[in-house]
Amino acid sequence: MEFSRLIEWLIFGGILLYAIYSMIAIKEENQAYVENAKEFELKNFLFFLPSWWTNTTQAHSKDESTQAVFERTDTRYDWRADFEWFDGTKALSSKTLDEIIVSKLEELKLIFDPEETVIDIPSVFEEFIPYKEGRIDIIHIEGTATENVSERVYFDCYLIKDNINDAYLLAKSRSSILNGAIEGPYFEEVLRTFEFLHQ
């Protein structure tokens with residue numbers, strides 16, 4: 001009986017130590033992001049990325065001029081971010097951002113959980129300089145979802161319309177449910193601090 005109690009305490013202590021380590025690591029990553037952000041250009045967008053994101057575009061995409069893929073190769077996190085730039089077309093010009101993002105999510109076979117989903121419409125971005133200047137329109141959706149009917153994921157997605165160049169940027173962060181909170185805040189920071197290379 002005493003031995004099983006000791007095992008229970010050891011397991012509890014191990015979990016507690018892991019939680020403390022995780023909190024310290026996350027705090028250090030926050031500081032590291034601010035100090036060591038690396039620049040990445042995609043078309044006329046300039047992003048400031050966490051230094052621990054690895055560009056794995058070559059392994060996933062044929063056209064690096066319009067697409068980019070980032071993953072964490074230093075961990076086993078089930079997480080990936082995709083950035084896709086595409087030109088506006090006549091068909092797109094007749095659609096709202098809401099309609100475009102819905103069709104993109106349907107292509108990905110994603111069904112969001114209504115009670116666990118947040119949708120940020122353009123007015124949420126009133127303080128974001130490119131939006132204030134009328135340079136962009138933007139919509140954001142994030143939450144838990146079912147992918148391909150069976151797989152549970154945490155999905156974070158931004159659709160940005162560059163009004164000057166009549167072009168769009170679709171940025172997606174996909175992870176397991178458990179890993180959604182780890183890279184999600186950095187993904188959102190990247191999408192809320194980008195700049196334009198050309199006016």
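In this predicted model, helix 4 (residues 97–107) has as its buried residues Leu 97, Ile 100, Ile 101, Lys 104 and Leu 105. Around the axis they cover an arc of only 130°, so they lie on the same side of helix 4. This fits a familiar rule: an α-helix has 3.6 residues a turn, so residues three or four places apart point the same way. The cover over these buried residues includes helix 3 (90–93) together with strand 5 (79–87), strand 6 (110–120), strand 7 (136–147), strand 8 (151–162) and strand 9 (167–175). Following helix 4 comes Lys 109, which has a positive phi, near 60°.

Strand 1 (residues 38–42) offers a second point of interest, as Leu 42 is placed there. Leu 42 counts as buried because its relative accessibility is 1%, and the cut-off for that class is under 20%. Beyond its neighbours within four places in sequence, Leu 42 is in contact with Phe 47, Glu 64, Ser 65, Thr 66, Gln 67, Phe 83, Trp 85 and Leu 169. One of these partners, Phe 83, is 41 residues from Leu 42 in sequence, while the C-alpha atoms of the two are 8.4 Å apart in space.

Turning to helix 6 (residues 180–191), its 12 residues reach 16 Å from the first C-alpha to the last, close to the 16 Å expected at 1.5 Å a residue. Buried in helix 6 are Gly 180, Glu 183, Gly 184, Tyr 186, Phe 187, Glu 188, Val 190 and Leu 191.

Key. Residues numbered from 1 in each chain as written. Predicted model: local features only at pLDDT ≥ 70, side-chain atom pairs only at ≥ 80, totals over all residues. Heavy atoms only, no water. Helix = DSSP H or I, 4+ residues; strand = E, 2+ residues; numbered from the N terminus. Buried < 20%, exposed > 50% of the residue type's maximum accessible area, 1.4 Å probe, protein only. Contact = heavy atoms within 4.5 Å. Arc of directions from axis to C-beta. Expected span 1.5 Å × (residues − 1).
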